[in-house]
Amino acid sequence: MTLLAQSRSLSFKAKRKGDKQLRNEAPRLHNLACFELKHFQQEQFTKQLKERYVQGEGSTLFWNKTKRFFRHVSSSLRGFATPNGEVIKDLQVIAITAAYYYEELFQAPIVISPHPYVDAPPILWENTSNCIPCVAYPKIINILRLRKKKQSLDIHGLSPFILDQIPRHYWFLLAQLYNYSFAESYIVKKFKEVRMVLLAKKSAICAPDQTRSISLLDSILKIQEKLFLNRSVQVLKDRSILLDNQSGFRPGYRLQTRVLLHTEQISSYMANSSPVATVFVDFKSAFDQLWFEGCLGKLIRLGIPHAYVNWIHARLTGRKATIKVQGKRSRWIEINRGGPQGSSLTPSLFITYHSDMTDYIPGAMSFFFSDDLAAVLAGQIGIRFTDQCIDLERRLQSFLDQLEFDSILFVQPINYTKTQAMFLARAIVYPNPMTQVHCGDHKIEWISSFKYLGYWLTTKLGWGNILAKIRITVRQKTALVNSFKISGASSPNYDEHFSPRSYCHISRGYLEFSRY
């Protein structure tokens with residue numbers, strides 16, 4: 001601090017007297033002071049890192065400065081809380097308890113027959129007998145090159161990193177095995193065995209239904225799934241099965257585009273002085289509730305060739321899983337419901353199964369992003385505002401009744417607690433109280449703001465709230481980068497490479513809307 005004061009004093013003195021020698025001396029002292037200050041901050045930062053888990057003033061200062069940059073993420077599971085208030089911390093008991101819960105979750109659903117997807121007369125399409133194209137060696141190598149080299153091991157001890165180390169000529173044999181699997185619709189049972197690990201959604205000690213299961217799929221089978229997905233996507237394009245209102249897990253479709261289209265649709269309705277209601281529908285454990293028989297029957301009725309449907313049947317059925325909690329394993333459980341978690345095929349299968357949901361909910365503009373549905377409804381044009389609200393209430397209740405019917409037809413339960421509605425209008429005064437609408441026996445909650453696909457939407461329908469949150473996030477990230485830049489780091493290449501690239505990487509993701 002003394003050097004900084006001296007350099008500042010010399011700088012003013014040189015400016016006042018015009019002395020060239022003082023002008024040269026002042027920057028030298030300033031650079032020396034900055035170097036000493038940076039060196040001191042690096043020492044303090046290194047000391048705080050070493051003592052961050054030691055009780056004392058250093059650790060308190062470190063966590064006070066860094067806690068504002070933390071994000072809420074899934075934590076490791078440390079125990080189960082029972083309904084009577086007890087806490088189970090024995091790892092083997094935790095694994096057994098989780099096995100009972102997930103075995104019940106993945107049970108085959110009870111469906112009332114006859115069902116149109118399963119019991120309706122078959123439809124013969126011109127491409128029914130088409131086969132799955134054969135796999136070529138260069139395609140496999142290309143997929144291996146593009147995959148992330150993760151080191152997480154599957155149930156057989158393999159990982160993408162290990163597969164990348166296999167000699168390339170070995171994949172000639174695997175190409176033949178893949179082609180045989182596609183031709184005969186056969187998958188080795190061992191390939192369908194998975195190891196599941198559990199993460200706590202919020203608290204480290206929670207109930208089994210507050211955990212998130214992560215399935216570590218067989219690494220060799222994941223390569224085959226990617227090959228199959230590339231072929232099935234072409235079939236979906238040829239049949240024009242997927243509509244443009246679905247943007248999830250589709251190349252060339254952006255999340256931001258779906259948000260903008262949703263907002264523009266609401267603005268268009270409001271420009272006609274119509275009250276608007278937006279329903280944000282949340283499906284309960286969407287991918288984990290996929291009904292096998294209904295999905296396969298639906299694919300046939302959509303015109304998917306039988307060879308593709310038979311291979312999907314072989315992939316979905318006969319799966320087993322074991323739950324592992326810190327080295328302790330549970331018994332094997334059967335999976336008779338839901339798509340393979342972590343599979344590249346599951347999202348495409350889900351959106352194909354629900355591709356015609358728009359036909360079952362007429363009267364609403366639907367916006368899909370994977371399992372997220374936002375439906376926009378408007379009141380009649382050209383009548384009084386009170387009559388418009390009554391008409392909107394009628395349409396909204398009709399939509400919710402049809403949505404309840406669709407959830408039963410698709411065997412896809414709705415998460416009623418997270419399904420909410422938002423009312424928007426150009427009127428100064430909104431209806432008070434808001435009308436009560438129900439989906440089945442559950443009341444739908446009215447809200448004034450909603451985080452839709454990562455962006456906050458409000459009844460004011462402006463971008464001010466979103467831009468304010470983006471500015472705050474960018475400032476926080478910039479402050480984090482600058483703090484590391486000032487304090488230094490243990491890596492000698494940090495100052496040359498990390499700071500500019502990190503700032504660009506952090507800021508770009510939060511400024512997507514600037515181009516629009």
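**Stop 1: the open sheet**

Select strands β11, β12, β7, β13 and β16. In this predicted model, these 5 strands form an open sheet, in the order β11-β12-β7-β13-β16. The pairing is mixed. Now look at the edges. β11 (365-369) stands at one and β16 (445-447) at the other. Each has a single partner strand, so one side of each is left without a neighbour in the sheet. View the strands against one another: neighbours are turned by 25° on average, direction ignored.

Next, keep only β7 and β12. β7 covers residues 276-282, and β12 covers residues 372-378. How many bridges join these two strands? There are 7, and the strands run antiparallel. For one of the pairs, pick D282: its bridge partner in β12 is D372.

**Stop 2: helices on the sheet**

Add helix α9, residues 255-271. α9 packs on the sheet and touches β7, β11, β12 and β13 (420-424). Its direction makes about 165° with that of β11.

Then add helix α14, residues 385-409. Which strands does α14 lie across? They are β7, β12, β13 and β16. α14 runs at about 150° to β12.

**Stop 3: helix α10**

Select residues 292-301. This is α10, and it is mostly covered: 7 of its 10 residues are buried. Colour the buried ones: F292, G294, C295, L296, G297, K298 and L299. Note that K298, a lysine, is on that list. Now show what they pack against. The partners are α11 (306-316), β8 (319-325), β10 (333-335) and α12 (345-353). Step past the end of the helix to G303, which follows α10. The phi of G303 is positive, near 95°.

**Stop 4: helix α11**

Move on to α11. Is this helix enclosed or open? Here 8 of the 11 residues are buried, so α11 is largely enclosed by the rest of the structure. Highlight A307, Y308, V309, W311, I312, A314, R315 and L316; these are the buried ones. What covers them? The cover includes α7 (171-184), α8 (219-239), α10, β8, β10 and α12. After α11 comes G318. Its phi is positive too, near 75°.

**Stop 5: A120**

Select A120. Where is it found? A120 is in the loop between α4 (91-105) and α5 (137-146). A120 is partly exposed, with a relative accessible area of 27%. Leave aside its neighbours within four places in sequence, and A120 is in contact with H115 and R301. Now draw a line from A120 to G297, C-alpha to C-alpha. The two are 177 residues apart in sequence but 9.0 Å apart in space. G297 is one of the buried residues of α10.

**Last stop: the whole protein**

Zoom out and show everything. The protein has 16 helices and 18 strands. Its C-alpha trace spans about 100 × 75 × 55 Å along the principal axes. Of the 516 residues, 43% are buried. Take the contacts between residues at least 6 apart in sequence: 73% of them join residues at least 24 apart.

Switch on the surface. About 29,300 Å² is exposed, and carbon and sulfur atoms supply 56% of that. Finally, colour by charge. There are 67 positive and 41 negative side chains. The centres of the two sets lie 11 Å apart.

Definitions and conventions:
Residues numbered from 1 in each chain as written. Predicted model: local features only at pLDDT ≥ 70, side-chain atom pairs only at ≥ 80, totals over all residues. Heavy atoms only, no water. Helix = DSSP H or I, 4+ residues; strand = E, 2+ residues; numbered from the N terminus. Buried < 20%, exposed > 50% of the residue type's maximum accessible area, 1.4 Å probe, protein only. Contact = heavy atoms within 4.5 Å. Areas by Shrake-Rupley, 256 points an atom, 1.4 Å probe, with all protein chains shown as cover. Lys, Arg positive; Asp, Glu negative; His and termini not counted. Charge placed at Lys NZ, Arg CZ, Asp CG, Glu CD. Pairing = 2+ DSSP bridges. Axes fitted to C-alpha atoms, helices over the stretch in contact; angles between N-to-C directions.
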